[in-house]
Amino acid sequence: MTPHGTDLLGTVGSDADLGSGSGLVVLANRLPLTRGARDWEPACGGLATALVPTLRALDGVWVGAESRPEGLTRAAGELGLRVAPVPLPPTIEAGYYDGFSNRTLWPLLHGGVERPVLSSDWWRDYRAANERLATGAMQAAEREGGSAYWVHDYHLLRAPAIIRRRAPRARVGFFLHVPFPEPAQLAALPWAREILTGMLGADLVAFQTAGHRDRFLDAVALVLGPDAWVSGDGVVLRDGRLVRVEAHPISIDADGLVRHARSPEAARELRALARRYEGRTVLLGVDRLDYTKGIPERLLALEELLERRPDLRGRVVLVQVGVPTRTGVPEYRRLAARVRALAERLTARASAEGLPSPVELVEGPVPPARLHALLALADVALVTPLADGMNLVAKEYAVVQAAAGGTGALVLSRAAGASEELRDAVPCDPTSTAGIARAIESALALEPDERRARLARMAAIVHARTPATWAGKQLATLVEPALRSAPGARRPGRAAA
């Protein structure tokens, strides 16, 4: 059992609350292990980090797509996990994942940062993949004797309704890890109705923030009209079933992060980095190379800052970690090329003045100890996504800095879900390079004592909201007997005329 196991079981209850077997079936696009150079390795993304303790605590099973599962079950067992891989034919997987999930839904859900690409073929593949994965989840539930499903993220928006159709008495939860768009943006999608009815197959639909939750409720009213009624923070369907719609911000294992950040390996990395950047103010960005993360705007803001503040030239360096992702998607290849070009331009201008480069672009994953050291070293963390469901880097920075007694400052986009919790960060408009530049100046101008006080308050919030409490609140809602009872009164939804 993980360190969070006791907390989780105390919140949810016992295994018996979830069904006759291990109970919980987690369904996600990917499994919590990834194929490494020699063998399977634990995945390091936010989804796996948050859900693995829950799965271990409840002895549940994780279902996800994997077409080459050789050795996977053994590797998962060694980590105390149970997994059920579901193969997808390559023809379906391409349209489902690279196509509809990541070229249609991803830009749409992030507010149209890039223009969504529409394809009826991709939609067909998306529906087929959801059918296969939902079937895999139900087969796993049948083997394990469970009847509670927890479906995750935008790859599986149809899955809750598929499970509901085949198992009307099943308990189903759904959590969206990314933002939800404005209702009119979703309504413009030809398949908006099927997307919403798919999500409403769940008993509980949960989001990162209250804002995302409210957009969903408004979209239901706008698109589904008389087929669904918004009642408070829930939706009543024509058959009388109530779907709860809630906000549950995801978090991190702050205590575990502090232990790792204080490890001998991290301490060695920190000493080496301190020598490397001695005498310079370190700005830090840690992101996937995704167009939603606002990396080009961040680099342009640094350029603008150095134009306005010549005294900072040669004294400031932005260490930008950019982990390549979805390299088969054209939009991502274009983004990577633009980021490299901007970094090269900043370097060339500094070199012409005989100054060190103000930017270091690190393309590729960074070893955990070095990442923890960078978080502890950075004078200012720049978390400036154009749209983000949460952004856990902001939380990690606050926790590591506070634990190290640091005097760092966090510049945080108003478009990141984390901004609803971390109100002591320096806010910025991520679309304005001048605004980001001013926010960096403001962060640098804060007195050390003020920075420490802000970090302490933010870290306290993160420590108080663990992955166990995040999971426990949702699972507790799922097992309430009254969940499927409709309220006595109904009222029309919020639909605009």
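**Helix packing and loop residues in a predicted model**

In this predicted model, helix α12 meets helix α13 through Ile295, Pro296, Leu299, Leu300, Leu302, Glu303 and Glu307. On the α13 side, the residues met are Leu335, Arg338, Val339, Leu342, Ala343, Arg345, Leu346 and Arg349. Helix α12 covers residues 295-308, and α13 covers residues 330-352. Their axes lie 9 Å apart, at an angle of about 15°. Angles under 35 degrees count as roughly parallel, so α12 and α13 are roughly parallel to each other. The crossing of α12 past α13 is left-handed.

A second helix pair is formed by α11 (residues 264-276) and α14 (residues 368-377). Here the axes come within 8 Å and cross at roughly 55°. The two helices are therefore oblique to each other. The contact involves Glu265, Ala266, Glu269, Leu270, Leu273 and Ala274 of α11. From α14 it involves Ala369, Arg370, His372, Ala373, Leu374, Ala376 and Leu377. The crossing of α11 past α14 is right-handed.

Helix α4 departs from a straight course. It runs over residues 90-109 and spans only 25 Å between its end C-alpha atoms, whereas a straight helix of 20 residues would span 28 Å. A bend of about 40° occurs at serine 101. Of the 20 residues of α4, 14 are buried, so the helix is largely enclosed by the rest of the structure. Glycine 111, just after α4, takes a positive phi of about 75°.

Positive phi values also occur outside glycine. Most residues other than glycine have a negative phi. Arginine 326 has a positive phi, near 50°. This arginine sits in the loop between β13 (316-323) and α13. Its relative accessibility is 14%, so arginine 326 counts as buried. Asparagine 391 is not a glycine either, yet its phi is positive, at about 85°. Asparagine 391 lies in the loop between β15 (380-383) and α15 (392-403). At 9% relative accessibility, asparagine 391 counts as buried, because the cut-off is under 20%.

A further loop residue is glycine 60. It is found between α2 (46-58) and β4 (61-65). Glycine 60 has a relative accessible area of 2% and is buried. Along the chain, glycine 60 and alanine 148 are 88 residues apart. Their C-alpha atoms are separated by 9.8 Å.

Terms used
Residues numbered from 1 in each chain as written. Predicted model: local features only at pLDDT ≥ 70, side-chain atom pairs only at ≥ 80, totals over all residues. Heavy atoms only, no water. Helix = DSSP H or I, 4+ residues; strand = E, 2+ residues; numbered from the N terminus. Expected span 1.5 Å × (residues − 1). Bend = angle between axes of the 7 residues up to and from the residue. Buried < 20%, exposed > 50% of the residue type's maximum accessible area, 1.4 Å probe, protein only. Axes fitted to C-alpha atoms, helices over the stretch in contact; angles between N-to-C directions. Parallel < 35°, antiparallel > 145°, perpendicular 65-115°, else oblique. Left-handed = near helix turned anticlockwise from the far one by under 90°. Contact = heavy atoms within 4.5 Å.
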